[in-house]
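I opened this entry to keep track of what I looked up, in the order I looked it up. The notes are kept brief.

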Amino acid sequence: MYAEPIQRLIDELARLPGIGPKSAQRVAFHLLKLSEDDAGRLADAIVDVKARVRLCDVCFNVSDQELCEYCRDDRRDRTMICVVQEPPDIVALERTREYDGLYHVLQGHISPIEGIGPEDLRIAELLERLKAPPGSPEAIQEVIVATNPNIEGEATAMYLGRLIGPLGVKVTRLASGLPVGGDLEYADEVTLGRALSGRRRIQ
Amino acid sequence: MFVRKLALEDFRNYERAALELDPGLNLLIGRNAQGKTNLLEALYLLSGLGSPRSSDSALIREGADRALVHGCVVRGSRTLEIDMEFRSGRGPRALVNKTAVPGTRELSEITTCVFFGPDELSLIKGSPEGRRRFLDDVIVKLRPARFGIRREWDRVLKQRNALLRSWPRSGDPRTAVETLEVWDEAFARAGAALAAARLEGLGALLPFCRKRYEAVAGGGRIEIGYVSSWLSEALVLESLDGAELDPGELQDALASRLRELRSREIERGQSLIGPQRDDLAVRLASPGETVRDARSFGSQGEQRTGALALKLAEFDLLSDALDETPILLLDDVFSELDPARRASLSDAVRDMGQAVLTSAEPGAKGSATANTVYEVVSGEVRRRD
Ligand SMILES: [Zn+2]
């Protein structure tokens, strides 16, 4: 057992995702070696992020204002919503520069093992955004479901499809399939099967 | 294909061990509990399908924090260096030629092993789980790209069972039912894909199995059926006879049974039908008689012959399909067999590629013909000249 302040730091660090007891100990002793200034900057950054960063009122992306940068931006296409699981997914999509619509962050996926059901996600808020009557200028014309291509992401997409389809809004799913630069011969059959069912016409 | 070199570190009872293996017959001699089987297990692990006998955490030598297995595998004109690392509480890591691969399943593209141990009688007498695992492993060995089907199925089953266990769910009951419907659809799709792969694998295995059984038993017959509470018997029989399967038909069959059983599954809090409950029915017949259930009616000798025929059929099927001879790992099997079966097995071994045998008898059968003989004494391996 270490002195109380060190043990407390180790315990706190060990609660972070992806950090086990051993890494927590390593990080704690690294922090111990920091200069007063460096330690202060790190502590400030943590306090600051909690004080100043919040979730966007509309799409639940991280933001330092009531509305995030995408919801504020008038130049973006307001008839499309791309649904993602977490804020970093937006960053990944933005890097492609292929999409200029709006976003909606579910804050997770459906996973009974982790006790996460649809009511724990921002799904009700998404449906609220789709309420504008078709034909009106605020009406959403397409929802692109960009959840992860794993079991939980697929189940979440299927669930959204069932809810949104009947509202008369077009629902699409990101194509999932073969990795670029990969070899067809060695592709996993599940991946290959999905790629086949999501095939598209050339031209 | 063959393993040219095997090296271990902190693996089970070995602190360090290294063996050079012959492309033909290799013999490991030692008294019981000295670590012979551990060497076969390490060879099997190189094929990326997990241990044939236990969880990965047991692989780590007591007091060590990780176990290492290194193998040098020759396949066709290629020589591949495989390194595996096992740590408790996380999945195994694998390197091929010093480059990390995304998952150990990549290894099943390189090495294929058939393991035959003294417990194989459980293929006939044991629980359905062992028979499902046998068939599921054959499917992946036959086509490594099928691994994803199994992984996806395992995950969907766990998720759906977790959902059923958590019933009744708080909140809107309609949301709960809609969530279940989503998992039903995933369950039916993944389950149908696995069942289709199993039927195809079993259909391919059967002709080899019949031939081997007849040869080993000197007549008689073996039949293996796929027992399922959600597939029609007619469909199973047709597909085992080689008819093309329509995965959509299987998916519909499973989906409609799920709808019928919904309230019972909710009440019981788990999935009551699906591939996780299916089984293989092994039936045997003496010459001129009709087939009967091997588990209830077969003699001990017939059951052993059945298990041996299944394993040899696995070997034959893989040899035929892969254009490569799998590596045969025989763990102390000769002592369990009577002279006739012993003879037919050693005939078979002679025709095969690389084989690694263990035996407790110093003058064991094959020691005269083996190309390489190692003695195993309490975690030490010594080559006998
Ligand atoms: Zn926003």
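**Entry 1: Glu178(B)**

I started at Glu178(B), which counts as partly exposed because 15 other C-beta atoms lie within 10 Å. I was working on a predicted model throughout. Glu178(B) sits in helix α5 of chain B. I then asked which residues Glu178(B) is in contact with, leaving aside neighbours within four places in sequence. I found Tyr159(A) and Arg162(A). I also looked up its C-alpha distance to Glu375(B): 62 Å in space, for 197 residues in sequence.

**Entry 2: the contact between the chains**

Both contacts of Glu178(B) are in chain A, and I went on to the interface. I noted 23 residues of chain B in contact with 20 residues of chain A. On the chain B side, the elements giving two or more residues are α4 (147-165) and α5 (173-217). Which element gives the most to that side? I found that α4(B) does, with 10 residues. By type, I recorded the chain B side as 9 nonpolar, 6 polar and 8 charged residues. For the model I copied down an ipTM of 0.83 and a pTM of 0.88.

**Entry 3: a cis bond between α4 and α5**

I checked the loop between α4 and α5 of chain B, where Pro168(B) is placed. Trp167(B) and Pro168(B) are joined by a cis peptide bond, with omega about -5°. I made a note of the bond because most peptide bonds are trans.

**Entry 4: two positive phi angles**

Most residues other than glycine have a negative phi. I listed two with a positive value. Arg97(A) has a phi of about 55° and is not a glycine. I located Arg97(A) in the loop between α5 (87-96) and β4 of chain A. Arg97(A) is exposed, since 7 other C-beta atoms lie within 10 Å. Arg12(B) has a positive phi near 50° and is likewise a residue other than glycine. I placed Arg12(B) in the loop between β1 and β2 (14-20) of chain B. Is Arg12(B) buried or exposed? I have Arg12(B) as buried, because 20 C-beta neighbours lie inside 10 Å.

**Entry 5: domains**

Chain A is divided into domain 1 (4-52) and domain 2 (70-176). I read 35 Å between the centres of these two domains of chain A, taken over C-alpha atoms. Chain B is divided into domain 1 (1-112 + 324-385) and domain 2 (120-322). In chain B the C-alpha centres of the two domains lie 29 Å apart. The contact between them takes 16 residues from domain 1 of chain B and 16 residues from domain 2 of chain B. I asked which element gives the largest share of the domain 1 side. I found α10(B), with 4 residues. I counted that side by type as 7 nonpolar, 4 polar and 5 charged residues.

**Entry 6: helix α10 of chain B**

I stayed with helix α10 (residues 339-351) of chain B and checked its length: 13 residues at 1.5 Å each should span 18 Å, and the end C-alpha atoms are 19 Å apart, which agrees. Its buried residues are Ser344(B), Leu345(B) and Val349(B). These three cover an arc of only 140° around the axis, so they are on the same side of α10(B). On the other side of α10(B), I found Pro339(B), Asp347(B), Arg350(B) and Asp351(B) exposed. The cover over the buried residues of α10(B) includes β3 (25-29), α5, α9 (300-322), β12 (327-331) and β13 (355-359) of chain B.

**Entry 7: confidence**

I went back to the pLDDT values. Among the elements of chain B, α10(B) has the lowest mean pLDDT, 77, and strand β1 (residues 2-11) the highest, 97. Where pLDDT is low, the predicted coordinates should not be read in detail. Chain B averages 91, with 97% of the residues scoring at least 70. Chain A averages 91, with 100% of the residues scoring at least 70. Among the elements of chain A, I found the lowest mean, 79, in helix α8 (residues 189-197) and the highest, 98, in strand β4 (residues 102-105).

Note on methods. Residues numbered from 1 in each chain as written. Chains lettered and ligands numbered in written order. Predicted model: local features only at pLDDT ≥ 70, side-chain atom pairs only at ≥ 80, totals over all residues. Contact = placed C-beta atoms within 7 Å. Nonpolar A, V, L, I, M, F, W, Y, C, P; charged D, E, K, R; others polar. Domains from an automatic or database assignment. pLDDT = per-residue confidence, 0-100. Expected span 1.5 Å × (residues − 1). Buried ≥ 20, exposed ≤ 12 C-beta atoms within 10 Å, placed from the backbone. Arc of directions from axis to C-beta.
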